[in-house]
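Visitor: Hi, I have this protein open on my screen. Can you walk me through it?
Guide: Sure, ask away.

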Amino acid sequence: MDLGGFTAAEADRMRRAFGRRDGQRLVAQYRERFIVGAGARGVSEKVAEVIFGKFNPHYMFPEGHAVAFAFTAYQMAWLRRYHPLEFFVALFNEQPMGFWDLDTLKQDARRLGLRVAHPDVNRSELLFTAEGDDTLRLGLTFVRGVDSRLGETLLRARECGSFADLSDLLARSGLPREALENLVRAGAVDALPDFTDRRSVLWQVGAGRVSGVRRGQLALPLPAADVPKVVAGQGWAERMLDEYAMLGLCPDGHVMELLRPQLGPEVLTSDTAQGCRDGDVVRVAGRVVRRQRPLAAAVFLTLEDEFGLIPLAVWPAQWERLKGVLRCSMVVVEGQVSRRDDTLNVAVQKAWPLDLIRGQTSPKKSPLRPQNRTSHAISAKSRPTSHLFREMA
């Protein structure tokens, strides 16, 4: 319009002509019209030809998209390599972005030597922040049930000084009981001086210490209630599952660490599988972090364990037979290694759901549960769903 003198309607008709399979004659007419219009505005025919040549009728959008994507990918790769702490702080604070979830991004940060720290009622801001040279501190609003309004309430209460202990937190925070309990389960009070364990703190929060202060009423500072011995104590598994439920990630661990001791040496880790040769039959396990079904016939899945990612390919016949299992949150699969261009895929042949029991995994019961002795598939109706991932959902 600016260079060739087209009206808006004429420019739009030319755009549509580019999209027609038999539009060559129309495009030639628009080209002639464009060059004449450009000449009338002082642009030489040679320059006008070059500019019109940019209007690629078949590849303009893919080319533009590829250039933009390549430029963005290069920038992100450079930042990840040379400024990983700042890169991951920014990336976490822009979630959700769609492709990888927080736990997968956290694992990538840990592999680069970074530490992801729990939220802290005395140190966290609303969003992720950087601490020192290698630590990402989780923000308050990443805790389930703590939105920006409640986070601001806590920050305002902290302006007059850090919380001295649990009683001080309960008296000054102004948060509802549910938000306080979620902060406890997320590990946000672990650094308080009088902290013992999270179950004990949850009991104290629920023992009437936070019944609420009415408007205009001063808080009465009371010591935290004593905790019955039967309540005290919390296992690593219970703590990890609480963190997944409250944060969507476990800052200093991975759910596969709970299950690895039960799986046996025949179930390889992602880093061990990388050393397998083309054609080897392997068994791997993990959390399903991605399912994709592009125009290709196969369905592609990505498993994540405590060491990395494992790409899977499931061909149509296997997908129809195993899709009930492969729709579970965590699975064990057996398949054949395929190596192409230095990349590894596992072509899935068998699959089992991987059970996760809240609080512990039973050493007496294998987490591999085939439907029967002759079939490794399991129906959608009978597949188990772990408590963890029900809660995360």
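Visitor: How much space lies in the largest cavity?
Guide: About 40 Å³. Keep in mind that this is a predicted model.

Visitor: And how many cavities of 30 Å³ or more are there?
Guide: The count comes to one.

Visitor: Which residues line the largest cavity?
Guide: L166, V189, L192, D194, F195, V201 and Q204 line the largest cavity.

Visitor: Pockets next. What volume does the second largest pocket have?
Guide: The second largest pocket has a volume of about 390 Å³. It is lined by 15 residues, and the closest to its centre are M76, F87, L91, W100 and L105.

Visitor: Which helices supply at least two residues each to that lining?
Guide: Look at α4 (60-82), α5 and α6 (102-111). Each of them supplies at least two residues of the lining.

Visitor: Which one gives the most?
Guide: α6 does, with four residues.

Visitor: You mentioned α5. What does helix α5 touch in the sheet, and how does the sheet look?
Guide: Start with the sheet. Three strands form an open sheet in the order β1-β3-β2, and the pairing is mixed. The edge strands are β1 (115-117) and β2 (129-131), and each pairs on one side only. Neighbouring strands are turned by 30° against each other on average, direction ignored. Helix α5 (residues 84-93) packs on this sheet and touches β2 and β3. The direction of α5 makes about 20° with that of β3.

Visitor: In which sense do β1 and β3 pair, parallel or antiparallel?
Guide: Parallel. Strand β3 covers residues 135-137, and its pairing with β1 runs over three bridges. In one of these strands, β3, R137 is the bridge partner of A117.

Visitor: New topic. Is R198 buried or exposed?
Guide: R198 is buried, because its relative accessibility is 3% and buried means under 20%. R198 sits in helix α10 (residues 198-209).

Visitor: Which side chains does the side chain of R198 make a polar contact with?
Guide: One is the side chain of D190, at 2.7 Å. Another is the side chain of E243, at 2.9 Å.

Visitor: What else does R198 touch?
Guide: Leave out residues up to four places away in sequence. Then R198 touches H118, V184, R185, A186, G187, Q234 and R239, as well as D190 and E243.

Visitor: Let's try another helix. Which residues of α7 are buried?
Guide: α7 spans residues 148-158. Its buried residues are L150, G151, T153, L154, L155, A157 and R158.

Visitor: What do they pack against?
Guide: They pack against α8 (166-172) and α9 (177-185).

Visitor: And which residue caps the N-terminal end of α7?
Guide: D147 does. A side-chain oxygen of D147 lies 3.2 Å from the backbone nitrogen of R149.

Visitor: Last stop, the later strands. How many bridges join β5 and β8?
Guide: Seven, in the antiparallel sense. β5 covers residues 281-292, and β8 covers residues 330-340. One bridge pair is R283 with E334 in β8.

Visitor: What about β8 and β9?
Guide: Those two also pair in the antiparallel sense, over 10 bridges. β9 covers residues 343-353. Here E334 has K350 in β9 as its bridge partner. E334 thus appears in both pairings, with R283 and with K350.

Visitor: How many residues lie between the strands in that hairpin?
Guide: Two. D341 takes a positive phi near 50° in this hairpin.

Technical notes:
Residues are numbered from 1 along each chain as its sequence is written. This is a predicted model: local features need pLDDT of at least 70, side-chain atom pairs count only at pLDDT 80 or more; totals for chains, interfaces and linings use all residues. Side-chain values use heavy atoms; hydrogens and water are left out. Two strands pair if DSSP finds at least two bridges between them. Axes are lines fitted to C-alpha atoms, for helices over the stretch in contact, and angles run from 0 to 180 degrees between N-to-C directions. Contact means heavy atoms within 4.5 Å. Buried means under 20% relative accessible area, exposed over 50%, partly exposed in between (1.4 Å probe, protein chains only). A polar contact is a pair of N or O atoms within 3.5 Å; within protein, one must be able to donate a hydrogen and the other to accept it, and residues adjacent in sequence count only if both atoms are side-chain atoms. On a 1 Å grid over the protein atoms alone, a cavity is a set of points where a 1.4 Å probe fits but cannot get out, and a pocket is an open set with protein on both sides within 12 Å along at least five of seven lines; lining residues have an atom within 4 Å of a point. Grid points are joined across faces, edges and corners, and a volume is the space filled by probe spheres set on the points.
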